[in-house]
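Visitor: I would like to learn how to read the features of a structure, one at a time. Please take a general idea where there is one, then the case at hand.

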Amino acid sequence: MSFLSKLFSFQRPSFIPALGPSNSTSSDIESYPLTNTDSIENSPPPNNYNNSINIPKKEPLFDKKSKKIKVLTIILFLIMISAIIALIAVVAPSSFSIFSKASDYTPPQFDLANVSNTNYYQQGVISPIDEKGHSLEYNSQTRKSSKKLYELMSDFDTAYYDDENMILGTTLFSDNVYSRQPYVANGYIGSRIPNIGFGYALDTLNLFTDAPGALNNGWPLRNRRYAGAFVSDFYCLEPKLNSTNFPELDENGYNTVISSIPQWTNLQFSLDNGTVWFNPLEVENIDVINYSQNLSMKDGIVTTDLDWIDNMLHVKSDIWAHRKIYPLGMVSLEISLNVDNLPEEFESVDLDVWDVLDFNTSHRTVLKDLGADDDGIFMVVQPKNVPYSNAAIYSTCTMELENKGSVNFTTADINDDDGTVSKVGHVLLTRENSKVTIHKYTGVMSTEFNDNERSKISTLEAAKLVSMNSKGNYDVLLSSHKQAWYTLYNDAFIEIPSDSLLEMTARSSLYQLLANTRTYNVSEDRGLPVSVPGLSSDSYGGMVFWDADLWVQPALLPFFPQIAKNMNNYRNATHSQAKANAKQYGYPGAVYPWTSGRYANCTSAGPCVDYEYHINVDIAMASLSIYMNGGDGIDDEYLRYTTWPIVKDAAEFFTAYVKYNATLGQYETYNLTDPDEFADHINNGAFTNAGIKTLLKWANDIGNHLEEYVDPKWMEISHNIYIPRSKSNITLEYSGMNSSIEIKQADVTLMVYPLGYINDESILNNAIKDLYYYSERQSASGPAMTYPVFVAAAAGLLNHGSSSQSYLYKSVLPYLRAPFAQFSEQSDDNFLTNGLTQPAFPFLTANGGFLQSILFGLTGIRYSYEVDQPTKKMQRLLRFNPIELPLLPGGIAIRNFKYMGQVLDIIINDHNGTIVHKKGDLPITIKVPNRGLIHDRDIDLFTREKKETLEKRDQLDKPSTEEDIKSDLFGTYYTLSPGEELTLPLYKPELNIENNIAENKQITNLTAGVPGDVAFSALDGNNYTHWQPAEKSSIARLLIDLGKDNREVITKGMILWGQRPAKNISVAILPHSDKLTDIFNNVTVILEHSHSTEEYEEDVFKLLAENNIPIPQSNSTSEALQEILDWKDDDINDIFKKFPKLGILGEDFITVLENYPVEPSEPYYKEIYDKSLIEILPSNKTEFVIDYSNIQLGDSSNDTEWNAARYVLLTVQGTYDEDEDVKGATIKEISFSPSRLK
């Protein structure tokens, strides 16, 4: 029996006990990432591998006494027979699909001579679970330092975050603007909350401009933004929209966009018989003080607290959508007199509280019914042009006056003309009875959710039952609501101990996705459509895009497989329409539209052909990933009846769609759009073609596994589809791409993750080049759909540096909006400067992408399968390829990762990667690849003199030995049983620039950068990431922390520039002093043990006197020093706040390199642009030497090791070329080389 059936039993108290705290230890919500498909070829199956030492159970391939010829023979044999397996070992965390060998297919060849044994083969140990657990070490200073990053978030000034209680909030009472509003949702209903805490409000503010259209949403509605209410799957049909890509298709069928419902949080109150009103339209900023509005991510409650009218009246509200009773929305409102602030002559005030349903707060609906009865008020609306659907809202209230008891609401008004219905409750507030509490219980029921059709209960009756069965049980409902959220979090948690901002973003992202999805479905036949903005906005018309399949669903699958399954069931439910779409255009199989909602027909906003065909690959990938994850009940039956039809029909469509080019001898695609929507109607989109190649391989493998018919044409096309590449072997985004390209979002890099299109060494090497090339060509104002992909690609492809982590910051800082940690679609929300794009908000796509970058990017985790060639059966396994995370000291932990029905913890600390099999009764297979074929520094760079033998950058020449080859070329298999854990030493990326003591260190920019840039890029060991000042007219400053234990003196340095070098640079250091360090340590101890400021000052003065250190009389420190204090925010800052006269003990930054002129080391390659050459250009390089002999120190320091500095300040001025571009120099990499002190 469903919970609704229990709820609608007409015995009001009966459902309450069922809502109490759950005794289960895990939630019934579950979910996925993206798949890897490996082909075993001739290698042994995983169960032939030894648990204890995890290498094949056979004699060693190499005998040290063997002759060289024998070694060479074996090597050649391995190459010929097992090349595919060697490939699998390389793909590491970037692979999703590896192709098995067909009879007419030549296996890819790997250059085994280039495999070195340095750190590539991660030999693991399986042991019983450590009873002590795996808690991560928290570095308090690093965590405090990370809070400085909050200030880089847009609109941070008045925001706050309570780390311990997971509360986000603001103290600014602002005009209503979408980015400053929280929302509540439970996967079925949702509401965006305006500034006063409840009700409906149109946006009245744009933070950037008052230009026409500034208050509007984006494509396709372009309507004014508002704080409204929504219900899942409540789609209308519109004959035309304000903006579409293919308006000619309007003749073929209506578009389907979301309808909003009457705002269910709508309460209002008035004073003195309606003289003064409290609602979003009437309350003015000048009348509000002591304001706070916060969102608790622990339990999904939005609380608003304020004082009103000269601080005489206090108003507090709590809004929440019940986490288990999906149709129930709750409002709690407390109104009280601030007795101490009342004038002496005050006696009483009349207060009228109005419960209101207003049709005018609903959009794209038709009013079908409204009214009131003895218990409450109701309204029924119908989505436009959908007469067979409606949503009913029923509201009832209780009111309790302090010391007086309950007060009844009476019918006040039913206005059919205005579309409003309301009831009012009246009280008299006095000093003795100064507080009244109102609880509003609203039931919302739509036709799509109502499972009571069998008993003929209407949506209105159902909504009333929800409301009335809840009435009067506020505390019990609140408890069960919180417990439901706590249970969810018991199933999923992410820890990042070193970085408060990243951990907050992970928690926020998890909260946002859970708030907009649900486990429960009335019928699996419909599934769960999840839109880009979720249930608090009609951005993108509330339609379903590839965002649901490729971005949101993968982030939920490891924690909540059932939610992921529900989301994919929506695609399964619309599959018959996809087949009709293909037939409409004369194709076999099925083809999905770019957008869908109530239906999945081809529309002007969601075309099926001549547009983004890759959505068919994305949907198939999502379904296959659910099978790869192997949640409860996901077996071959699911593969046969859910995944196989989607994959097979997509394969049939693409087989008919591609065209054979006899000249090329390959198959091509025409007139399409790849994910980079800056380039429409192109041929041979790389991601689309790679997706077709990969999907056809899936179809072949699944068909063989299920013993279904497999079309031999599938593998013919898969082997021979055209992937465009430049002469320099960089993958072109599409045929004819030129060198001036600016890319909207990740495109070619999607081939690495999530698609995993790497099937030989040449493609692996090309993928590395692609990563470098396209990293420099992303639009600064592009959407938040780029850098999460780069995180995974960098972690899997690069053996140097820490750019996987700098990309992680780059995926957050430009896009995350304070105060409620919601992602915007754009890095720049100003539509006048970002290309006239009104960003979608909130942008759940970014939440999903960010979580994936942690779950699969930083960990190297992939779902995968391998095909046993004799039986053609698919065998599922989990790939694990962890790397060291120098920018995240302490590591990361992922708790309660679900795989094959088992529960795992995945922990990466500073030394090891560990998978703990903590719950379940089945063993799992884990494959750990080696990274020996990755040559991320062996990159051809363009040179003018000799293009045919291109220069190579910083190549590592390491000899290979027998031991190199002897290491397991196929990856290592582990069978992890319940109660065991697998521990691997982390792969430790090497330094990009030899002896660079700044690489991977902490850095902060003291001047603004270009939107989308983060300072970490200048120290991440990747020569193709950069940080750029926003304005070249201002002196740019970067502050670098070399670490508290630094004892090395910077004697020389180097700056790598992009094509835009600076005019000059300066370097300054904060002198080191052991005595100063000791004093700071002692002062910190004094601070901790002092009971008063006087005692503290006395002890500090005594300490300074003992060390013969004078006390500075100035209260000020240098600007740079203050930046350190603000950045680190550690005990030192507390010291100076309590004892400002201490200053910095007389220390200040000392310039060691001043106004050093920059001369480009590379010419301007005009031919790159004239001839549209696709090449990776060498960096401009500035090298310098620091001479300390002429540097004079003040008398206050006699330390001979003063120049072993911890803090370094790099100053960058102007640009070498005085052009019209206002932006500053592009700083790719900063290097400081030391002389070690003895």
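Guide: Start with helix α10, which is mostly covered, with 16 of its 16 residues buried. This is a predicted model, and that applies to each feature below.

Visitor: How many residues does α10 have, and what does it reach from its first C-alpha to its last?

Guide: Helix α10 covers residues 614-629, which is 16 residues, and reaches 22 Å from first C-alpha to last. That is close to the 22 Å expected at 1.5 Å a residue.

Visitor: Which residue follows α10?

Guide: G630 follows α10, and its phi is positive, near 70°.

Visitor: How does α17 read on the points of span and burial?

Guide: α17 (844-858) has 15 residues and spans 20 Å between its first and last C-alpha, close to the 21 Å expected at 1.5 Å a residue. Of its 15 residues, 15 are buried, which leaves the helix mostly covered. After α17 comes G860, with a positive phi near 75°.

Visitor: Where is the kink in α17 centred?

Guide: The kink in α17 is centred on Q852 and amounts to about 30°.

Visitor: What describes two packed helices?

Guide: Two numbers serve: the angle between the axes and the distance between them. For helix α6 (residues 500-515) and α17, the axes come within 9 Å and cross at roughly 125°. An angle from 115 to 145 degrees falls outside the perpendicular and antiparallel ranges, and α6 and α17 are therefore oblique to each other. The crossing of α6 past α17 is left-handed.

Visitor: At what angle do α8 and α11 pack?

Guide: Helix α8 (residues 561-573) packs against helix α11 (residues 636-657) at about 55°, and their axes are 10 Å apart. That angle makes α8 oblique to α11. This crossing, too, is described as left-handed.

Visitor: Now the strands. How do strands of a sheet pair?

Guide: They pair through backbone hydrogen bonds, and the pairing is either parallel or antiparallel. In this model, six strands form an open sheet in the order β3-β41-β36-β35-β34-β26, with antiparallel pairing.

Visitor: Which strands stand at the edges?

Guide: β3 (125-128) and β26 (493-495) are the edge strands. Each has a single partner strand, so one side of each is left without a neighbour in the sheet. From one strand to the next, the twist averages 20°.

Visitor: How many bridges join β26 to β34?

Guide: Three bridges join β26 to β34, and the two strands run antiparallel. Within this pairing, E495 stands opposite A893 in β34.

Visitor: Is β34 enclosed or open to its surroundings?

Guide: Eight of the eight residues of β34 are buried, so the strand is largely enclosed by the rest of the structure.

Visitor: What joins β34 to β35?

Guide: Six bridges join these antiparallel strands. One example is I892, whose bridge partner in β35 is I908. The strands form a hairpin with two residues between them, and there M900 takes a positive phi near 55°.

Visitor: What else is there to read about M900?

Guide: M900 lies in the loop between β34 (892-899) and β35 (902-908), and is not a glycine despite the positive phi. Its relative accessible area is 24%, so M900 is partly exposed; the buried class ends at 20%.

Visitor: Which residue pairs with G913 in β41?

Guide: The bridge partner of G913 is L984. Strand β36 (residues 912-919) and strand β41 (residues 980-985) run antiparallel and are joined by five bridges.

Visitor: Is L836 buried or exposed?

Guide: L836 counts as exposed because its relative accessibility is 59%, and the cut-off for exposed is over 50%. Although L836 is not a glycine, its phi is positive, about 65°. L836 is found in the loop between β31 and α17.

Visitor: Where are the cis peptide bonds you would point to?

Guide: One of them joins F841 and P842, with omega about -10°. P842 is placed in the loop between β31 and α17. Another runs from A818 to P819, with omega near 5°. P819 is found in the loop between β30 (816-817) and β31 (822-823).

Notes. Residues are numbered from 1 along each chain as its sequence is written. This is a predicted model: local features need pLDDT of at least 70, side-chain atom pairs count only at pLDDT 80 or more; totals for chains, interfaces and linings use all residues. Side-chain values use heavy atoms; hydrogens and water are left out. Helices (H or I, at least four residues) and strands (E, at least two) are DSSP runs, numbered from the N terminus. Buried means under 20% relative accessible area, exposed over 50%, partly exposed in between (1.4 Å probe, protein chains only). The expected span of a helix is 1.5 Å times one less than its number of residues. The bend at a residue is the angle between axes fitted to the seven residues ending there and the seven starting there. Two strands pair if DSSP finds at least two bridges between them. Axes are lines fitted to C-alpha atoms, for helices over the stretch in contact, and angles run from 0 to 180 degrees between N-to-C directions. Angles under 35 degrees count as roughly parallel, over 145 as roughly antiparallel, 65 to 115 as roughly perpendicular and the rest as oblique. A crossing is left-handed if the near helix is turned anticlockwise from the far one by less than a right angle, and right-handed if clockwise.
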